[in-house]
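Let's walk through this structure together, moving from single residues out to the whole chain. Keep the viewer open as you read, and stop wherever you like to look around.

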Amino acid sequence: MQRTRTQVAIIGAGPAGLLLGAILADRGVGFVVIEHRSREHVLGRIRAGVLEQSSVDVLESLGLAAGLHAEGLVHGGIFLQHEGERFHVDFEALVGRTVTVYGQQRVQADLMAAHDALGSTVLYDAADVDPADPEGEPVVRFVHEGEPHEVRADFVVGTDGFHGVTKTRFPATLVRTAERAYDAAWLGILADVPPSTDELIYALHPDGFAMHSMRSPSVSRLYVQVDPDERIEDWSDDRIWEALDTRLATPGWTLQHGPITEKSITRMRSSVVSTLAHGRFLLAGDAGHIVPPTGAKGLNSAIADVAMLGAALAEQSAGDDAALRSYSDRALERQWKVQQFSEYMTDLLHVPGSAVPDDEREFRYRSRLGRLRYVGGSRYAQQSIAEQYTGLVIR
Ligand code: APR
Ligand code: PHB
């Protein structure tokens, strides 16, 4: 048995866990990261691609923004579209802020490189990860390279995602989960073709939602709404391009096609736990909450959580635990503002699922069309979207 001690044991080496480690390193707080998958698997996950201004500011403050400044695509707004009518929401004109398109995999790679340079202890391929004793002397037991380990820590932070283990150590009587399941899913593709637009397009169409995003000047990222129980095998490349052509069509504009290199279906749900803290165990990122991808808030919420938690742990280490005691309330207050925005954008842009009765389906579609047309004509509505899309203040 290898026994070690640290100030903070971080479970999960996704963006939340590695960014928390980077913040703690910057503040001189000792930590270890324990990850149960391989480094290659973690790096290989294809996820979101938009960083809020608030997230860029966090990465910049830690000296971790060189990659996103070199390769990221700064966007001053987004396009919203309904039945072929496209309008621009100009973030810079409305709120003086931007977003940066920079794939989560790049953020992950930058964070891994930073920890390599720091010589951080990030243990991949850990098995049987077992955090225990949140109200006493926190300990994390696991097996690594065939040897049993026991890490004792002042605090254990679960950045282990929606299906992580840390949350399961919170008493069931303490933690409630608020959930909403959506009657839609996203079929997403990566295609080796230059984007047909310079900024993201979110489109509402009677057939369903579609979006045009991108990963680089030569790689497009696109999505179409499908029913939650759709199978990817039923969606040929031609069927996907046909749906995208139909739903994104607007006069004078053509969607460029190219080889599809990746396709997958992701269900959509909202879920938030009632507390991110129990004893000396804390949660951050997807471990505490998930959102539908429409508002591009999953990665940005994780960054906001660990920006607050990292500062609070550093202050606690220096003898002031006020910020740590209020972390859960502050992070969840901000998260519910993010949840309502993600829900608003999802309801705004998706047609009701095929299981909804026709007359209700028609009403709900027409109501969304009316809401989208109102947004198209209102600077005030657009300013609200711009303020939330580019990121609320993290404090
Ligand atoms: N022990 C150790 N590691 C674990 C365990 C466990 N029991 N369970 C999960 N993990 C690891 C996962 O392998 C993953 O690498 O925790 C990490 C959690 O990372 P994410 O799921 O990416 O969550 P987070 O870091 O909060 O980032 C949120 O990632 O999933 C996307 O859409 C999400 O963009 C959002 C962002
Ligand atoms: C993406 O590029 O993957 C992306 C962008 C914006 C979203 C969701 C996904 O709202």
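R152 sits in strand β11, which covers residues 147-158. Bear in mind as you look that this is a predicted model. Is R152 buried, exposed or partly exposed? Its relative accessibility is 27%, so R152 counts as partly exposed, since a residue must fall under 20% to be called buried and go over 50% to be called exposed. Setting aside neighbours within four places in sequence, R152 touches T4, R5 and T6, and also E137, P138, V139 and R141. With E137 there is a polar approach: a polar atom of the R152 side chain lies 3.1 Å from the backbone oxygen of E137. For a sense of scale, try a distance to D57, which is 95 residues away from R152 along the chain: the two C-alpha atoms are separated by 33 Å.

Next, please find H289, in strand β19 (residues 289-290). What does the side chain of H289 join in a polar contact? The partner is the side chain of D305, at 2.5 Å. H289 has a relative accessibility of 3%, and therefore counts as buried. Beyond its neighbours within four places in sequence, the residues in contact with H289 are S271, V272, S301, D305, Q335 and Q339.

Follow the chain onward and you come to A296, in the loop between β19 and α8 (298-317). Although A296 is in a loop, this residue counts as buried because its relative accessibility is 15%. Once neighbours within four places in sequence are left aside, A296 is in contact with V50 and Y389. You can also set A296 against Y344, 48 residues apart from it along the chain, where the C-alpha atoms are separated by 12 Å.

Y389, one of those contacts of A296, leads us to helix α11, residues 379-389. Which residues of α11 are buried? They are A381, Q382, I385, A386, Q388 and Y389. A general point helps in reading such a pattern: an α-helix has 3.6 residues a turn, so residues three or four places apart point the same way. Now look at the two ends of the helix. At the start of α11, a side-chain oxygen of S378 comes within 3.2 Å of the backbone nitrogen of Y380. After α11 comes G391, with a positive phi near 110°.

From this part of the chain we can cross to Q53, which is in contact with T390, as well as with R97 and T98, when neighbours within four places in sequence are left out. Q53 belongs to helix α3 (residues 53-61), and its relative accessible area of 19% is why Q53 counts as buried. The side chains of Q53 and T98 make a polar contact of 3.1 Å.

Finally, zoom out. The protein chain holds 11 helices and 19 strands. Its radius of gyration is 22 Å, close to the 21 Å that the globule rule gives for 395 residues, so the chain is as compact as a globular protein of that length. Along the principal axes, the C-alpha trace spans about 65 × 40 × 40 Å. Of the 395 residues, 56% count as buried. Among contacts between residues at least 6 apart in sequence, 73% join residues at least 24 apart. The accessible surface is about 16400 Å², and 49% of that belongs to carbon and sulfur atoms. As for charge, there are 38 positive and 54 negative charges, with mean positions 3 Å apart.

Key: Residues numbered from 1 in each chain as written. Chains lettered and ligands numbered in written order. Predicted model: local features only at pLDDT ≥ 70, side-chain atom pairs only at ≥ 80, totals over all residues. Heavy atoms only, no water. Helix = DSSP H or I, 4+ residues; strand = E, 2+ residues; numbered from the N terminus. Rg over C-alpha atoms; globule rule 2.2 N^0.38 Å. Buried < 20%, exposed > 50% of the residue type's maximum accessible area, 1.4 Å probe, protein only. Contact = heavy atoms within 4.5 Å. Areas by Shrake-Rupley, 256 points an atom, 1.4 Å probe, with all protein chains shown as cover. Lys, Arg positive; Asp, Glu negative; His and termini not counted. Charge placed at Lys NZ, Arg CZ, Asp CG, Glu CD. Polar contact = N/O pair within 3.5 Å; in protein donor to acceptor, adjacent residues only side chain to side chain.
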